[in-house]
Amino acid sequence: MNRLRTTSRRSRRLIVLGTFVAYPLVYVGYALLSRAGALPPVSLLWAPVAIILMFGFAAGLFVIYAITRNRAEPEALELDERQRDLAVHARALSYGVLLAVIVAITAAWAVYVTTFGPVVLGAELLLPVAIVVGIYLPVLPSAVLAWIEPDAPPEDVAGTNGTTSHVGGAAG
Amino acid sequence: MSPRKPEPRLYNRLAVLRAERGLSRQDLADAVDVNYQTIGYLERGEYNPSLELAFKIAELFGVPIEAVFSREPLPPMSARLYGRQEADAESA
């Protein structure tokens with residue numbers, strides 16, 4: 001767990017990106033295969049890929065929560081001022097991301113409806129919508145925090161007893 | 001996700017003061033009630049402390065706040081001490 005907390009920002013961003021892309025990829029891949037009228041063997045080949053993507057999605061969620069734990073909650077009492085500042089920033093960015101996604105979906109919807117006609121929403125959309133509302137939304141502040149948090153100071157990665165190196169580092 | 005406007009850099013002598021007293025980051029963090037990583041970010045100049053935290057740190061080391069934090073790069077303490085001794089000798 002401690003190792004997860006000191007994961008580099010680059011790795012954290014890859015995990016966040018992978019987690020948020022994996023689940024939609026399952027549907028996009030399946031939709032493309034269905035539209036192309038793929039033969040059963042091709043569809044069978046997609047099944048393991050879909051399982052891997054779903055596993056990656058679930059594992060990614062776990063890792064994001066493990067990295068940020070309760071640090072994405074600005075109200076958490078155990079946070080210090082820097083952590084609280086980061087959590088507030090992450091929450092504000094989450095709202096921005098959410099707003100951008102809603103605007104993009106609405107715009108795409110409007111373009112589709114005016115170009116191709118009405119969109120029929122079937123029951124098969126229930127699960128994706130439930131996943132988005134029930135999983136993506138709650139994890140968004142944690143994911144944004146994992147995305148924006150700077151790398152931990154080098155000595156903290158190795159341990160907490162940095163007494164002599166960096167002496168005068170920021171002192172100029 | 002655009003980054004925030006960067007805060008003006010605050011220079012500090014935290015690492016020197018901590019090393020002089022043989023304190024680890026964890027010791028200092030415990031004493032001023034912050035996470036040990038926050039001390040690392042402070043030392044690297046990547047986080048500017050609140051006034052309260054800055055005062056807590058200065059009081060812990062028993063020095064004025066401007067001896068710990070500065071908006072200008074801080075000269076090495078040894079040079080400052082040595083320079084003062086020379087000036088005292090000259091005036092005497």
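Is A:Ala58 buried, partly exposed or exposed, and how many other C-beta atoms lie within 10 Å? In this predicted model, A:Ala58 is partly exposed, because 14 other C-beta atoms lie within 10 Å, and a residue counts as exposed at 12 or fewer and as buried at 20 or more. A:Ala58 belongs to helix 3 of chain A. A look along the chain adds a second residue to the picture: A:Tyr136 is 78 residues away from A:Ala58 in sequence, and 11 Å separates the C-alpha atoms of the two.

Chain A also offers a backbone detail to look for. A:Arg69 has a phi near 45°, which is a positive value in a residue other than glycine. This arginine, A:Arg69, sits in the loop that runs between helix 3 (40-68) and helix 4 (81-116) of chain A. As for its surroundings, A:Arg69 is partly exposed, because 15 other C-beta atoms are found within 10 Å, a count between the limits for exposed and buried residues.

Chain B can be introduced through its overall plan. It contains six helices and two strands, and reading along the sequence gives the order β-α-α-α-α-α-β-α. Chain B has 92 residues, of which 29% count as buried. Contacts in chain B can also be sorted by how far apart the partners are in sequence: among those between residues at least 6 apart, 58% join residues at least 24 apart.

Within chain B, helix 3 is a good place to pause. This helix spans residues 36-43 and is mostly covered, with eight of its eight residues buried. Which residues are these buried ones of helix 3 of chain B? Starting from the beginning of the helix, they are B:Tyr36, B:Gln37, B:Thr38 and B:Ile39, followed by B:Gly40, B:Tyr41, B:Leu42 and B:Glu43.

The stretches on either side of this helix are worth a look too. Before it comes B:Asp33, in the loop between helix 2 (25-32) and helix 3 of chain B. The phi of B:Asp33 is near 65°, a positive value in a residue other than glycine. B:Asp33 is exposed, because 10 other C-beta atoms lie within 10 Å and the cut-off for an exposed residue is 12 or fewer. Just after helix 3 of chain B comes B:Gly45, where phi takes a positive value of about 70°.

Note on methods: Residues numbered from 1 in each chain as written. Chains lettered and ligands numbered in written order. Predicted model: local features only at pLDDT ≥ 70, side-chain atom pairs only at ≥ 80, totals over all residues. Helix = DSSP H or I, 4+ residues; strand = E, 2+ residues; numbered from the N terminus. Contact = placed C-beta atoms within 7 Å.
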